[in-house]
Amino acid sequence: MPELPEVETVCRQLEPELAGRRIVALEVLDERWCRPAAPAGFGGAIAGATIEGLGRRGKYLLLGLDGARTLVMHLRMTGNLVLVEGDEKRDPSAGRRLYEGERSASARHLRARFTLDDGRELWFTDPRRFGEAFLIDDAALGARFAKLGVEPLSGAFTVEALGEMAAGRTAPLKSFLLDQSGIAGVGNIYADEALFRARLHPLSPAGSMRPEHQEALRDAVVAALEAGIDGGGASIDDYRDGRGEKGTMQDKFLVHTREGEPCPECGGPISRIVVSGRSSYYCPGCQVRLRRRPKAQRRQ
């Protein structure tokens with residue numbers, strides 16, 4: 001699933017290309033993409049709008065429109081938002097392939113198509129069809145995302161803030177990092193990478209961290225996310241960036257998906273366990289499993 005680095009990569013690539021452009025038409029090809037809104041009405045409400053910018057909140061893409069409105073898009077598991085131009089619209093195999101090194105699946109997986117005033121198109125593709133979009137007034141954005149946690153690349157993500165989130169929590173650190181009400185945008189990949197950088201076992205209770213562990217984890221989360229952005233995201237399965245190209249972060253994983261391979265620090269084999277239903281990768285030799293705090297200091 002695209003996480004913060006993948007969504008941020010798409011945002012940074014497409015924002016300068018889209019800002020100031022007018023949406024001539026929006027064709028919704030899959031009613032599930034915008035439900036409960038009707039596809040024709042949804043497309044009609046957006047056609048003619050001018051794009052003021054493209055932003056991100058957690059794993060959500062925010063396409064700012066004139067009239068103080070925002071089109072919110074979530075890529076979910078396999079969604080992609082790709083800017084298509086030139087002959088690629090007519091023949092994805094012409095010139096630079098839409099998806100580098102493989103036959104484009106765009107025709108089969110196209111869920112929505114924006115036509116821009118400069119002739120280019122913006123395609124929302126999604127093989128598993130879980131991606132979604134909704135239109136919302138800017139005044140309601142804050143309430144809509146009220147339960148979404150702190151942005152980890154913002155100044156609000158401090159060691160103190162992390163400590164307050166974790167205080168008394170008995171949930172495993174891996175589950176704690178996946179909880180979007182705490183830290184927004186961290187998913188399975190970057191939770192594994194962050195915990196390895198912090199040298200913390202994924203099953204350690206979140207509330208068992210001492211101040212030094214909290215500082216290490218805060219720095220590790222930021223470092224893992226920044227590495228992902230520097231790599232243009234991770235293309236393990238379906239993810240492609242805003243240009244239709246693969247990211248390179250998957251080639252730089254420290255532990256994620258590397259079960260049985262040598263740890264980059266100690267050389268011992270990397271292990272895999274399941275935490276909260278998700279495959280979790282870690283180094284038993286490097287990542288310390290913390291003890292629970294006394295019962296009186298815990299809370300669920």
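**Notebook: helix α7, cores, pockets and odd backbone spots**

I started with α7: ten of its eleven residues are buried, so this helix is largely enclosed by the rest of the structure. Note to self: this is a predicted model.

**Entry 1, α7**

Which residues of α7 are buried? I listed N188, I189, Y190, A191, D192, E193, A194, L195, F196 and A198. I then looked up what covers these buried residues, and the cover includes α1 (4-18), α6, α8 and β10. Just after the helix comes R199, and I noted that its phi is positive, near 60°.

**Entry 2, the nonpolar cores**

Next I went to the largest nonpolar core, which has 33 residues. The members that touch the most other members are F157, L173, F176, L177, L200, L217 and V221. I checked which helices feed this core: α5 (159-166), α6 (173-178), α7 and α8 (211-230) each give at least two residues. The largest share is from α8, with seven residues.

I picked L173 for a closer look. Leaving out residues up to four places away in sequence, L173 touches L195, L200, H201, P202, S204, P205, A206, M209 and L217. There is also a second, separate core of 30 residues, and I found V28, L61, L122 and Y239 among its members. A reminder for the margin: in soluble globular proteins, nonpolar side chains tend to be buried together.

**Entry 3, the largest pocket**

I looked up the largest pocket and got about 470 Å³ of space. Its lining has 26 residues, and M1, M77, I189, D237 and R278 are the ones nearest the centre. I had already met I189 as one of the buried residues of α7.

Which element gives the largest share of this lining? It is β10, with three residues. Both α7 (188-198) and β10 (278-282) supply at least two residues each. By character, I get ten nonpolar, nine polar and seven charged residues in the lining.

**Entry 4, the second largest pocket**

The second largest pocket comes out at about 160 Å³. I found 13 residues lining this one, with R35, E132, A133, F134 and R144 closest to its centre. Strand β8 (residues 132-137) gives the most to the lining, four residues.

How many polar residues are in this lining? None: I get nine nonpolar and four charged ones, and no polar ones.

**Entry 5, backbone oddities**

Background first: most residues other than glycine have a negative phi, and most peptide bonds are trans. I went through the exceptions here.

R35 turned up again, as it is joined to P36 by a cis peptide bond with omega of about 15°. I placed P36 in the loop between β1 (23-28) and α2 (39-46).

A68 is not a glycine, yet I read a positive phi of about 55° for it. A68 is in the loop between β3 (60-65) and β4 (69-74). Its relative accessibility is 46%, so I put A68 down as partly exposed.

R129 is another non-glycine with a positive phi, about 65° this time. I found R129 in the loop between β7 (121-125) and β8. With a relative accessible area of 35%, R129 also goes down as partly exposed.

Notes:
Residues numbered from 1 in each chain as written. Predicted model: local features only at pLDDT ≥ 70, side-chain atom pairs only at ≥ 80, totals over all residues. Heavy atoms only, no water. 1 Å grid on protein atoms, 1.4 Å probe; cavity = no way out; pocket = protein on both sides within 12 Å on 5 of 7 lines; lining within 4 Å. Points joined across faces, edges and corners; volume = space filled by probe spheres on them. Nonpolar A, V, L, I, M, F, W, Y, C, P; charged D, E, K, R; others polar. Core = buried A, V, L, I, M, F, W, Y, C linked by side-chain atoms within 4.5 Å. Buried < 20%, exposed > 50% of the residue type's maximum accessible area, 1.4 Å probe, protein only. Contact = heavy atoms within 4.5 Å.
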